[in-house]
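The following exercises introduce a protein model through its pocket and one of its sheets. Please consult the sequence and the structure while working through each task.

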Amino acid sequence: MNKSKPFLELTEVDWQERLTQEEFNICRKQGTEAPFSGKLLHNKSTGSYACTCCQTILFESDNKYDSGCGWPSFDAPINDQVIRYIKDTSHGMERIEIRCCHCDSHLGHVFNDGPKTTGERFCVNSVSLRFDGEAE
């Protein structure tokens, strides 16, 4: 595989070679991990959360909070340029899917029931994120 290819030009086979089966199913096929199962759900360490697929920093620990929904939740991304928003009408619901702007990886969904800080809840699969920071 040509590892120097731009992320948006990688094929499905390229991604399958780079990712675990679970990462591929969630990040590239818009899957979801079971609620309350993600390794980053209860992480309270200081640091940043980057995209599993391209390592773009997406969220900071200061924006993480416990929403009780079963997935890591953030009230805002690191900036407005790192997240792409897509209308999602799958599963008989109307939601807003969030993806990494750099590589188009599926992250989760954003809802308007977040804390008073922003009013938004970015509900993200742990598998879609890599944490870089101090160990607890």
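**Exercise 1.** Which residues lie nearest the centre of the largest pocket, and how many residues line that pocket?

*Solution.* The model is a predicted one. Begin with the extent of the site: the largest pocket has a volume of about 290 Å³. Next, consider its wall, which is formed by 17 residues. Nearest the centre of the pocket lie G31, T32, R95, H106 and H109.

**Exercise 2.** Determine which elements give two or more residues to the lining of the largest pocket, and which of them gives the most.

*Solution.* First, list the elements that give two or more residues: these are β6 (95-100), β7 (106-111) and β8 (121-124). Then single out β7, which gives the most to the lining, with 4 residues.

**Exercise 3.** Classify the lining residues of the largest pocket by character.

*Solution.* Sorting the lining yields three groups: 9 residues are polar, 4 are charged and 4 are nonpolar.

**Exercise 4.** Describe the open sheet of 3 strands, from its strand order to one individual bridge.

*Solution.* Step one is the order, which reads β2-β1-β9, with antiparallel pairing. Step two concerns the edges: β2 (57-60) and β9 (129-133) are the edge strands, each pairing on one side only. Step three is the orientation: neighbouring strands of this sheet are turned by 30 degrees against each other on average, direction ignored. Step four examines one pair: β1 (residues 47-51) and β2 run antiparallel and are joined by 3 bridges. Finally, S48 has E60 in β2 as its bridge partner.

Notes: Residues numbered from 1 in each chain as written. Predicted model: local features only at pLDDT ≥ 70, side-chain atom pairs only at ≥ 80, totals over all residues. Heavy atoms only, no water. 1 Å grid on protein atoms, 1.4 Å probe; cavity = no way out; pocket = protein on both sides within 12 Å on 5 of 7 lines; lining within 4 Å. Points joined across faces, edges and corners; volume = space filled by probe spheres on them. Nonpolar A, V, L, I, M, F, W, Y, C, P; charged D, E, K, R; others polar. Pairing = 2+ DSSP bridges. Axes fitted to C-alpha atoms, helices over the stretch in contact; angles between N-to-C directions.
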